[in-house]
Amino acid sequence: MDRTKIRALLLLPVVLIMIFPIIMLFANSFMTTREIESNYYSTETSPKLVLVPETVSFEQYIRVLLKEPAYLKYFRNSIFITFFILAGQLVIASMAAFGFSVYRFRGRELLFFIYIVVMMMPFIVTLVPNYIIAEKTGILDRWISVILPGIFSPFGVFLLRQFMKMVPFSYIESARLEGCSEPVIFLRIMLPLVKPGLVALIILAGIDSWNMVEQPLIFLSDNSLYPLSIILSRINLNEAGIAFAASALYIIPFLLLFLHNEEALVAGIAMTGVKE
């Protein structure tokens, strides 16, 4: 047996342990509340893990999607916040990474080092300064107070710069000799070449924005503006079936995005460790 098969066998139990909660989540989302309560909350028998429903039920999904308008409202809030954070971050991060990787200017390495230091800081450190700025500028209790800090996250700059550093500089020089302007080089040469990095950024930054909790709780006092990540734990606390269905729907968008772009994500994560 070669080393690849041995590693696969050793990693298999780890993989199963990691994906078991997801399997359990989807399995329980198709169970009725009565079956879930009999499996986990019954005082007559000990709790038991059941991954195959006795009767497959879609009632909880119907209730969440059609009879519970609150879920779709907060789901829309999450989509709105995540979309604008990703759109802004793609624009800002790609332009900044292009500048760091292509242009030679005084203080470039120092400035990028500052980016790295900020990226390594726990985000909780920047919450107070961001709150003070939002309060002074009058954007507190608005979505923009949550969106702006996400747009200017340094991680996207770091990730895309690593990809752009791998593009041969001769491509840029050849384009300049052909008379291409800098915007043309950026849009038609650099961005297509770093497409895997853009996809990886969408997935990583998207998951981070989709799951944010602390920022909305601090910057937004109006509950109607909350994303689904905050409200999810409060939806039908007394009905476990509804809670499982709502949680399953919550993770589906980025789960599908990850499965469709797994190679780009792996390449993006690997590229962040490339030494210069």
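In the predicted model, the largest pocket holds about 950 Å³ of space. A total of 39 residues line this pocket, and those closest to its centre are Thr-126, Pro-149, Gly-150, Ser-153 and Pro-154. Seven stretches of helix each give two or more residues to the lining: H4 (69-102), H5 (108-120), H6 (123-137), H7 (143-151), H8 (154-165), H11 (195-210) and H12 (214-219). Helix H6 supplies the largest share, with 8 residues. By class, the lining of the largest pocket consists of 27 nonpolar, 10 polar and 2 charged residues.

The second largest pocket contains about 190 Å³ of space. Its lining is made up of Ile-207, Trp-210, Asn-211, Tyr-250, Ile-251, Phe-254, Leu-255 and Phe-258. Two or more of these residues come from each of H11 and helix H14 (240-260). The largest share, 5 residues, belongs to H14. Nonpolar residues account for 7 members of this lining and polar residues for 1, while charged residues are absent.

Aromatic contacts were examined next. A pair of aromatic rings is described by the distance of the centres and the angle of the planes. Across the whole structure, 16 aromatic pairs were found. One of them joins Phe-30 and Tyr-61, with 5.2 Å between the ring centres and 40° between the planes, and this pair is classed as tilted. Phe-30 lies in the loop between helix H1 (3-29) and helix H2 (33-40), whereas Tyr-61 belongs to helix H3 (residues 59-67); the pair thus links distant parts of the chain, 31 residues apart. Phe-30 counts as partly exposed because its relative accessibility is 25%, a value between the limits of 20% and 50%. Tyr-61 has a relative accessible area of 11% and is therefore buried.

A second example is the pair of Phe-100 and Tyr-115, which is edge-to-face, with the centres 5.4 Å apart and an angle of 80° between the planes. This pair also links distant parts of the chain, since Phe-100 is in helix H4 and Tyr-115 is in helix H5, 15 residues apart. Phe-100 has a relative accessibility of 4%, so this residue counts as buried. Tyr-115, at 27% relative accessibility, counts as partly exposed.

Ring pairs also connect Tyr-71, Phe-75, Trp-210, Tyr-250 and Phe-254 into a cluster. Of these residues, Trp-210, Tyr-250 and Phe-254 are also part of the lining of the second largest pocket.

Charged side chains were found over aromatic rings as well. Arg-104 lies over the face of Phe-169, at 5.6 Å from the ring centre. Arg-161 is placed over the face of Phe-112, and here the distance from the ring centre is 3.9 Å.

The largest nonpolar core has 31 residues, among which Val-64, Tyr-71, Ile-81 and Leu-228 touch the most other members. At least two residues of this core come from each of H3, H4, H7, helix H13 (228-231) and H14. Helix H14 provides the largest share of the core, 7 residues. Helix H14 thus gives the largest share both to this core and to the lining of the second largest pocket. Tyr-71 likewise appears twice, as a member of the aromatic cluster and as one of the core residues that touch the most other members.

Definitions and conventions. Residues are numbered from 1 along each chain as its sequence is written. This is a predicted model: local features need pLDDT of at least 70, side-chain atom pairs count only at pLDDT 80 or more; totals for chains, interfaces and linings use all residues. Side-chain values use heavy atoms; hydrogens and water are left out. On a 1 Å grid over the protein atoms alone, a cavity is a set of points where a 1.4 Å probe fits but cannot get out, and a pocket is an open set with protein on both sides within 12 Å along at least five of seven lines; lining residues have an atom within 4 Å of a point. Grid points are joined across faces, edges and corners, and a volume is the space filled by probe spheres set on the points. Helices (H or I, at least four residues) and strands (E, at least two) are DSSP runs, numbered from the N terminus. Ala, Val, Leu, Ile, Met, Phe, Trp, Tyr, Cys and Pro count as nonpolar, Asp, Glu, Lys and Arg as charged, and the others, Gly among them, as polar. Rings of Phe, Tyr and Trp (its six-membered ring) pair if their centres lie within 6.5 Å; planes under 30 degrees apart count as stacked, over 60 as edge-to-face and the rest as tilted. Buried means under 20% relative accessible area, exposed over 50%, partly exposed in between (1.4 Å probe, protein chains only). A charge sits over a ring if NZ of Lys or CZ of Arg is within 6 Å of the ring centre and within 35 degrees of the ring normal. A nonpolar core is a set of buried Ala, Val, Leu, Ile, Met, Phe, Trp, Tyr and Cys residues joined through side-chain atoms within 4.5 Å.
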